[in-house]
Each structure stands twice: as structure tokens, then as C-alpha cells.
Amino acid sequence: MHVRIFLPPKSTMQSGRANLKVWRLEGVPESARLPESLMGWPLSKDTDPQVKMRFSSKEAAIEHADAQGWTYDVEQPNARKVTPRSYQNRFDVKEESEL
């Protein structure tokens, strides 16, 4: 079984940075889902994507995947870029060139 280990991004409905230190381990599907002939719903006999676990650290998730004999890909989180801003900058007068 192949799994991916990643640090999920915060929800768009979340303003704070709390609860973002939990690493996830999820199964990766081995085949595409095909439409069922009767209703047209996606159908798959692969149950690997149903595996979803949480870990306190990346190392713990890797250790668990190794213990189970799973292959894995580790996705590193994107670096957060913070641009410092000042309230005063909103009121700075910009000089316009003369016409």
C-alpha cells in the first residue's frame, strides 16, 4: 500500500494558526474510479484511500508507515511568508506626477 504523509493547510474558515501541527497519513488510490453502469456514481474496489490517520509528528507517521510495510511520500509544508504592514502606511500621501 502506498500512503502520503503531509501537514494539512488551515481551513479557509480558520483565522488562527492553532491545530496546524498535526501530520496526516492518507492512503493513495492505486486505480482511477470508474462510473457505475446503473447510476453513474464513481465506483472503486480499492479501499486504500479510506485509511486516514493523524500523528503528532512527521517522524511518528513515518515510523508507523515503516512498521506496516507501506511505501510513502512525505510532502513538506509551504513556507509561510509574512509581509509586515503598518497602519500608518494606509494614510501616506503619494505624490502624483504633474501632467
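A residue counts as buried under 20% relative accessible area, as exposed over 50%, and as partly exposed in between. By that yardstick R4, with a relative accessible area of 29%, is partly exposed. The model discussed here is a predicted one.

A helpful place to start is the set of charged pairs. Three salt bridges are found in a search of the whole structure, and R4, R24, E26 and E75 are linked in a network of such bridges. R4 takes part in a salt bridge with E75, with an N to O distance of 3.1 Å. This pair links distant parts of the chain, since R4 sits in strand 1 and E75 in strand 6 (residues 71–75), 71 residues apart. E75 is partly exposed, at 35% relative accessible area.

R4 also meets the side chain of E26 in a salt bridge of 3.8 Å, N to O. Here R4 belongs to strand 1 and E26 to strand 2, so the pair ties together parts that are 22 residues apart in sequence. E26 has a relative accessibility of 14% and therefore counts as buried, the cut-off being 20%. E26 is joined to R24 as well, through a salt bridge of 2.9 Å, N to O; R24 is partly exposed, at 23% relative accessibility.

Turning to the surface, K10, R17, K21 and R80 form a positive patch. Within this group, K21 is found in the loop between strand 1 (2–6) and strand 2 (23–27). K21 has a relative accessible area of 69%, which means that K21 is exposed.

Notes. Residues numbered from 1 in each chain as written. Predicted model: local features only at pLDDT ≥ 70, side-chain atom pairs only at ≥ 80, totals over all residues. Heavy atoms only, no water. Patch = residues over 30% accessible without salt bridge, like charges linked within 9 Å, V, L, I, M, F, W, Y side chains within 5 Å. Areas by Shrake-Rupley, 256 points an atom, 1.4 Å probe, with all protein chains shown as cover. Salt bridge = Lys/Arg side-chain N within 4 Å of Asp/Glu carboxyl O. Lys, Arg positive; Asp, Glu negative; His and termini not counted. Charge placed at Lys NZ, Arg CZ, Asp CG, Glu CD. Helix = DSSP H or I, 4+ residues; strand = E, 2+ residues; numbered from the N terminus. Buried < 20%, exposed > 50% of the residue type's maximum accessible area, 1.4 Å probe, protein only.
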